[in-house]
Amino acid sequence: MASERKELFISYRREPTTLQFVGRLIHDLEQSGFSVWLDTRDIQPGGDWHGAIGIGLTKCRAIIPVMTKDYLNSRHCVNELYTADGDRKHIFPVFLEDIDLNASETGQGIKYVVSSVNWTMCRQGVDDYNLSISKLVNAMKLKGLGADGAGQDSTGTAAEHQYFDLQYQLYQLCVPISRFIFDSFIFTAASATTQAPTVVPPTPVIGPKTTMPFKVIRDVESPEGITTSKEGHLIVSSMSGHKVLVFNPKYEKVSDIGGEMGLGMGHFISPDGVAVDREGNLLVVGQFFIQKFNIDGDFLGQAGGTDPKGFQIDAPRGIAINKNGWIYIAEQKKNRIMVINSDLSFIKTFTDGDPLLGSGHLNLPQGIAISSSGTVYVADMMNHAIQVFDKDGNYQFRFGKMGTGPGSTTAPAAIAIDSKDNVYVAAAAATVSIFDSKGNFLHSFGEYGSEVGKFSQIRALHIDEAGVLYVGEWMSNRIQLFNTLKEDVTTREELKRESQNVADRQYNGSSVVQDSPKKDEVTISKVSSTPRIQKGYVCTINDISEVHSIAISRSGHVVISSGSEGKLSTYNEAYELISSKVVSGLNMCAITISQEDILLAASVCKICKFDMQLNEVMSVNASDMKEWTNPFGIALGIKGRLYAAAVEKAIILNYDLTYYKVFAEKYKPFSIAVNSSGHVYLPDLTAHTIHVFSSEGEPLFTFGGPGRPPVPQFSLLGPLSIAIDHDDNVYVGVAMKSLNIFSQEGKFLSVLTSSGNKPGQLDDTPTALCIDHSHQMMLFTEKNASRVQVFKLK
């Protein structure tokens, strides 16, 4: 029998203050009639900790995340919250301290999850604990929780609570931690008597020609999605690793994409489905986004997010592409399929509606696959069926059943289609069942186990053009490869030679079809040809602490302002140090260089001009200058004017350093740039936007902000630095450890997203940018990094 189901799951970060609070909270909740699951007392000694956490979370109807600043820094805590949200659990957040959820990408995601529910504030010394917990208890009872709360939930009829209980039991099938638990849940949910496992014929008519794989790829953390490129690359999304793995045709890992938790812009929190489009670009779905990369891992664009002005993608799971280039995404949370264009623009959704309505309505959709005719097959986990639609989303039929016998599709998690349109379904977490395109059962194989040839929690299936079947398992952290074409072949190359009609049957990477589009079909739009500067890495200037500003002369000499004492350092065109000088009064100064190779430096106390040997040419006491405050960045514009980004405003000076005017008041700029037309670009740190002004400081337009079209979500989150090249493309360093590139009109073009402290990578937010007068070289530094990196743009 399955273990007793409890109501509340406590999600918390283990540190002394929180542990003390959690102990008191659990005592009070249980005294109020609630049953509570807690890791330290509900996981048996020697048990699989992570597996038990998954089981505990699954069997609870609600989660109480105990929110602290440390909670946001724990990927395990954040994963628990996102998993509960994806499973449609009730969420009752309890805050032990004030937290700015807008301050980080993780906080932004958590804010989206908890924004629609009431928060319980239990701040020590601020809130009345007893009053806060009383309100929490009442809120949970209104949702039908607790000993005397059953039936009060607006959605909590007795029948629906029975239904929820059954859903809980069946969902356990997807997270087995032992053969005993697996069998117990299977037979309890199906009300079946014990029977022997299905015997696999030694030479089946369809499916793998042997029940043993010809290859096992190990040490793949929680494989959630699998696809392949037409060149034979294997691409796998790692849910717990928060990254996408790329393997060469010999199944040797060549690169990772992501790896650091983050929302969009080349980062992931538990990525799900993956697919390859007709141009060979990689598409990845997860949390709220679909992101696009090339095979080298360069970020090309994204869609979705949480902004209500644009379309939202909510807890996406599976992804597939039809021959028109349409992208189909299974949304778990909204029980629907979203369809978007190859340029990531929205087309439509279908199957929106109550999951209890039955055929044509989805209940926790998982995998999705598309046949050669464009028919859409969806693995509908909680309906224990495969539901079938035409390309426009019109319901056709369904097949499968709950149970353990041949042809059962209990809790299907993944689906794939072969070159003959046979449908492979991962059911009951440990069996692959094969059906024809009409849903007639053909064959099944597999049983639960960690041995090679057996399966433990299948979450991903894929069949490539050579007929290789890839089976990804969560519990075993591996991918097993089977051949489906000929019994005596053992390599992918041999299988590919055996494949029939490969030349005219396109590569089925999550159902991508490579036929040439007809005139009325959607064709993919190419991303701008703006250079991806990651490939232009030249060198690094090291051992520079606290870099504030960078400037480059027409002769190629570099000047760097660094330290707190007003240090200016010059470097030759080979980036070798020539000289350094500390100038009194120029503490943490901003610098720029004129076309006449005159260096201008500005601080809160003074503004100076120097020649390139750092001889002072002119100096002005800025302390008494009208409106002058500490400048974060300066730039020269037309008419010889000097523009300064200061605290909550921007200032214009004449070239003789006399005051001209103030503009852009109440903004929070940390840098400033001017294009060839004299337009002034001012990043606004807190509004996550770029404001554009005329040379006279008159507002022209604004672009950016989280999700504001046409800028992708978070592409301007916390802009700190800015520079403009010869083509008036705008380069912006943002808080997502990325350097994003926009057209002068504000259209998103490209991004540098590689994170790390190696040469050519970003260790933190780019805080100072500079492009030389020839517009071929860019220099930038990162927050807290003691280096300046040099890139060639052209």
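This dialogue concerns one helix and two loop residues in a predicted model.

User: How many residues does helix α7 have, and what length does the helix reach from its first C-alpha to its last?

Analyst: Helix α7 covers residues 129-142, which is 14 residues. The distance from the first C-alpha to the last is 20 Å, close to the 20 Å expected at 1.5 Å a residue.

User: Which residues of α7 are buried, and how should their spacing be read?

Analyst: The general idea is that an α-helix has 3.6 residues a turn, so residues three or four places apart point the same way. In this structure, the buried residues of α7 are Tyr129, Ser132, Ile133, Leu136, Val137, Met140 and Lys141.

User: What do the buried residues of α7 pack against?

Analyst: Their partners are the strands β1 (8-11), β3 (62-67), β5 (94-95) and β6 (120-121), together with helix α1 (16-31).

User: What is found at the start of α7, and what follows the helix?

Analyst: At the start, Asp128 places a side-chain oxygen within 3.1 Å of the backbone nitrogen of Asn130. After the helix comes Gly144, with a positive phi near 85°.

User: Where does Ser222 lie, and is Ser222 buried or exposed?

Analyst: Ser222 is not a glycine, yet its phi is positive, about 40°. The residue sits in the loop between β7 (215-218) and β8 (223-228). Ser222 counts as buried because its relative accessibility is 14%, and the cut-off for buried is under 20%.

User: What is the phi of His384, and where does His384 lie?

Analyst: His384, a residue other than glycine, has a positive phi near 55°. The loop between β21 (376-380) and β22 (385-389) contains His384. With a relative accessible area of 7%, His384 is buried.

How values were computed. Residues numbered from 1 in each chain as written. Predicted model: local features only at pLDDT ≥ 70, side-chain atom pairs only at ≥ 80, totals over all residues. Heavy atoms only, no water. Helix = DSSP H or I, 4+ residues; strand = E, 2+ residues; numbered from the N terminus. Expected span 1.5 Å × (residues − 1). Buried < 20%, exposed > 50% of the residue type's maximum accessible area, 1.4 Å probe, protein only. Contact = heavy atoms within 4.5 Å. Polar contact = N/O pair within 3.5 Å; in protein donor to acceptor, adjacent residues only side chain to side chain.
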